[in-house]
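Hi everyone, thanks for making time this morning. I have one model to walk you through, so please pull it up on your own screens as well.

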Amino acid sequence: MNPGNKSVETSPNVYARIGGMLYLVIILAGMFSVIVVRDKMIVSGDAAATANNIMASPLLWRFGIACDLLMHLCDIPVMWVVYLLLRPVNKNLALLALLFNLIQTAVLVTNKLNLLTPLFLLSNADYLKAFNPQQLHSMIYLSVKAHDYGFGVALLFFGLVCIVNGYLIIKSDYLPKLIGVMLQIAGVCYLISNFSLILAPSFSNKLFPVLMIPVLIAETSFCFWLIIKGVNITKWNERVLAGRD
């Protein structure tokens, strides 16, 4: 056997730590784009104020979009790492979670066009002279609202990712069962929050801050566990060997 030809089965913690660090980038980039950019610039129910905020700080708005795209670029290797780590438990379920995650990221990336639209509408191009400022402001706000709903649709798929991956972690024996349970709770929170966004938007606004607490705890716990502890190598090897029998 060539000692230089190491597979994921012999060094899972290398992958775990890479995935954990990229997951941390995802969390920080997502928090920046939401809390520092959109929450500060979007004024609920006020199209003119929202448009004026974007017009006053277009670079910050663009930076928020760039952070989102960085987050989605990191999504792919994180999906791959989590799949590799959970594949020994149940390959088919790990693949199912990966597919749900791919759909989530595809929707989120496409949805970024809704955040670019306000920049086009504020560009003072000749073709925009057919619209008065109030109409432009309304279209900008409509794009922002469409992005909110697109984000919610994508997170429905991520809710299922959390539920499936949480189950696999619970069954793994080489990752903490508590993190698996927390991820499953987070997945249910994602489903409740984003189905309510579609079915009862006003109710969703009240639920969202409460439901995001267990989500944040679960995802940051999983992220830091991957970085600091990784998997239990003894239990990992037992699981891999059992799968080869």
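I'll start with the overall layout, then go to the helix pairs, a pocket, and a few single residues.

Before anything else, please keep in mind that this is a predicted model.

So, the overview. The chain has nine helices and zero strands. If you read the elements from the N terminus on, you get α-α-α-α-α-α-α-α-α. As for dimensions, the C-alpha trace spans about 70 × 40 × 25 Å along its principal axes. There are 245 residues in the chain, and buried residues make up 44% of them.

Now to the helix pairs. Let's take α7 and α8 to begin with. Helix α7 covers residues 177–199 and helix α8 covers residues 201–228; their axes come within 8 Å and cross at roughly 155°. An angle over 145 degrees counts as roughly antiparallel, so α7 is roughly antiparallel to α8. The crossing of this pair is left-handed. What kinds of residues make up the contact of α7 with α8? The split is 22 nonpolar, four polar and one charged.

The other pair I'd like you to look at is α3 with α5. Helix α3 is residues 58–86, and its axis comes within 10 Å of the axis of α5, with a crossing angle of roughly 160°. By the cut-off I just mentioned, that makes α3 roughly antiparallel to α5. Here too, α3 passes α5 in a left-handed crossing.

Let's move to a pocket, the second largest one. About 170 Å³ of space lies in it. Which residues line this second largest pocket? They are M55, L121, L122, N124, A125, L128, K129, F131, P133, L136 and H137. By type, the lining divides into eight nonpolar, two polar and one charged. If you are wondering which element gives the largest share of that lining, go to helix α6, residues 133–172, with three residues.

One of those lining residues deserves a second look, and that is N124. You'll find N124 in the loop between α5, residues 113–121, and α6. As a bit of background, most residues other than glycine have a negative phi. N124 is not a glycine, yet its phi is positive, at about 60°. Is N124 buried or exposed? Its relative accessibility is 71%, and the cut-off for exposed is over 50%, so N124 counts as exposed.

There is another residue of this kind in the next loop I want to show you. D173 has a positive phi near 75°, again in a residue other than glycine. D173 lies in the loop between α6 and α7. With 44% relative accessibility, D173 counts as partly exposed, because that value falls in between the cut-offs of 20% and 50%.

Last stop: V153, which has its place in helix α6. At 34% relative accessibility, V153 counts as partly exposed. How far is the C-alpha atom of V153 from that of N194? The two residues are 41 residues apart along the chain, and their C-alpha atoms are separated by 6.8 Å.

To recap the helix pairs, α7 is roughly antiparallel to α8, and α3 is roughly antiparallel to α5. As for the loops, N124 and D173 are the residues to click on for positive phi values. That's it from me, and I'm happy to take questions.

Definitions and conventions. Residues numbered from 1 in each chain as written. Predicted model: local features only at pLDDT ≥ 70, side-chain atom pairs only at ≥ 80, totals over all residues. Heavy atoms only, no water. Axes fitted to C-alpha atoms, helices over the stretch in contact; angles between N-to-C directions. Helix = DSSP H or I, 4+ residues; strand = E, 2+ residues; numbered from the N terminus. Parallel < 35°, antiparallel > 145°, perpendicular 65-115°, else oblique. Left-handed = near helix turned anticlockwise from the far one by under 90°. Nonpolar A, V, L, I, M, F, W, Y, C, P; charged D, E, K, R; others polar. 1 Å grid on protein atoms, 1.4 Å probe; cavity = no way out; pocket = protein on both sides within 12 Å on 5 of 7 lines; lining within 4 Å. Points joined across faces, edges and corners; volume = space filled by probe spheres on them. Buried < 20%, exposed > 50% of the residue type's maximum accessible area, 1.4 Å probe, protein only.
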